[in-house]
Amino acid sequence: MITITTTELLTDFCTRARAHPYVTVDTEFLRERTYYSKLCLIQLAVPGEAEEDAVLVDPLAEGLSLEPLYDLFRDESVTKVFHAARQDLEIFVHDGGVMPVPMFDTQVAAMVCGFGEQVGYETLVRKIAKAQIDKSSRFTDWSRRPLTDAQKTYALADVTHLREVYEYLAAELKKTGRTPWVEEELGVLTDPETYIVRPADAWKRVKTRTNSPKFLAIVRELAAFREAYAQERDVPRTRVFKDDALVELASTKPQSEKDLARSRLLLREARKGDIADGILAAVKRGIEADPATWPDVGKGRDQAQVNPALADLLRVLLKAKSETAGVAQKLVATSAELDQIAAGERDVPALTGWRRSVFGDDALRLIAGEVGLCAKGKDVVVFDI
């Protein structure tokens, strides 16, 4: 097993990689104690059976520059292959300011090829490569050195078997003509905006029981403070305060540290100092916010107009069409999108692109009363009315 610890050796490997059509990539990282992922190991492999065709790169090695790898990522003649790439890409965008292009995600491709919802790497390796992966090193501390042989073996398996998985899925997509479907999905993953978390938008991820714009104005300010504080100090947002405490604070509207001391859910260290000052200032901003600037809850938070019977019919249709097409249901349409369609919205992903031909056209025809659904044995069939 080859572990690269110098810029020179990394340059040599990346230069050789440019002679191949693709390179498989994976990372190991830690994020339990930080806001941003701490990159601990990079695994790379190119087609071939030689030992030097699969390597480990130690980003913690003193003096090692990852710029040769970033140059490879910018080389559009080589496809960069990942499985469940989102967290890996976030690391490279944040640490190196680089997006690997072109990129292929075997998890997305597997969902298009009929392997089910968000299929795991081990499942694909078992079904396609007919191999087993030892998972015992998955949750080890990847920042500790030296790495054990078991860790290295586990890490390399994440890119060596990935070569066979990629080649199989790429061939299936070409055979079925669905390569453009995957490319459409990867558009979101390869957009750097996907990995930028703006404090002003953080409130949208907080689940609340009320849609009151006045209440959400306080939620917005608290979430923005928490996100900015966590980013600046590189600590998990839950170490500042958790969502349940945020909602409690928006409800109780504390005005002083004495008020904060009465909180049931706020961490003790958040009841004084910089965090306490930030909370009180955020609550004050939320209370004093101009009503014209209150959050627009929109239809996404208000499901009162959803026709539940129609939404249920759309779910049945989605299941039938997804099974017929051999595509994972969640990739075609989410439950929220079905509710939006049932509520009369049309600007939803499920009604665009390849999804429209698989599901969207029949969904609109069902809503218009032009088609119906019936059981035929174990199948659900769409018929014209």
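The exchange below asks what stands behind the terms used for this predicted model.

Me: What makes domain 1, domain 2 and domain 3 the parts of this chain, and where do they run?
Reply: The bounds come from an automatic or database domain assignment. That assignment divides the chain into domain 1 (2–195), domain 2 (199–293) and domain 3 (308–384).

Me: How do you know that domain 1 and domain 2 are in contact, and how far apart are their centres?
Reply: Contact means heavy atoms within 4.5 Å. The C-alpha centres of domain 1 and domain 2 lie 37 Å apart. Six residues from domain 1 and eight residues from domain 2 take part in the contact.

Me: Why is the largest nonpolar core called a core?
Reply: A core is a set of buried nonpolar residues joined through side-chain atoms within 4.5 Å. Here 92 residues form the largest such set. I42, L44, V57, L69, F92, L314 and F359 have the most contacts inside this core. Helix 6 (residues 149–176) gives the most to this core, nine residues. Domain 1 (2–195) and domain 3 (308–384) each supply at least three residues to this core.

Me: What does L69 touch, leaving aside its neighbours within four places in sequence?
Reply: L69 is in contact with L10, C14, I42, L44 and F92.

Me: What makes the second core a core in its own right?
Reply: This core is separate from the largest one, and has 29 residues. V219, F225, A250 and L266 are among them.

Me: How much of the chain counts as buried?
Reply: Buried means under 20% relative accessible area. Buried residues make up 45% of the 385 residues.

Me: Why is the largest cavity called a cavity?
Reply: In a cavity a 1.4 Å probe fits but cannot get out, so the term means an enclosed set of points. One cavity of 30 Å³ or more is counted. The largest cavity holds about 40 Å³ of space. R31, Y36, S37, E90, I91, H94 and D95 line the largest cavity.

Me: What makes three of the residues lining the largest cavity charged?
Reply: Asp, Glu, Lys and Arg count as charged. The lining of the largest cavity divides into two nonpolar, two polar and three charged residues.

Me: Why is the largest pocket called a pocket, and what lines it?
Reply: A pocket is an open set of points with protein on both sides within 12 Å along at least five of seven lines. The volume of the largest pocket is about 750 Å³. Its lining has 26 residues, with T27, E28, F29, R138 and Y154 nearest the centre. Strand 2 (22–30), helix 3 (86–96), helix 5 (121–129) and helix 6 each supply at least two residues of this lining. Strand 2 gives the most, with six residues. By type, the lining of the largest pocket has nine nonpolar, six polar and 11 charged residues.

Me: How do you know where the second largest pocket lies relative to the domains?
Reply: Domain 1 (2–195) and domain 3 (308–384) both give residues to the lining of the second largest pocket, so this pocket lies between them. The second largest pocket has about 450 Å³ of space. Of its 21 lining residues, V108, M111, Q118, E185 and L331 lie nearest its centre. Helix 7 gives the most to this lining, with four residues. The lining of the second largest pocket comprises 10 nonpolar, three polar and eight charged residues.

How values were computed
Residues are numbered from 1 along each chain as its sequence is written. This is a predicted model: local features need pLDDT of at least 70, side-chain atom pairs count only at pLDDT 80 or more; totals for chains, interfaces and linings use all residues. Side-chain values use heavy atoms; hydrogens and water are left out. On a 1 Å grid over the protein atoms alone, a cavity is a set of points where a 1.4 Å probe fits but cannot get out, and a pocket is an open set with protein on both sides within 12 Å along at least five of seven lines; lining residues have an atom within 4 Å of a point. Grid points are joined across faces, edges and corners, and a volume is the space filled by probe spheres set on the points. Buried means under 20% relative accessible area, exposed over 50%, partly exposed in between (1.4 Å probe, protein chains only).
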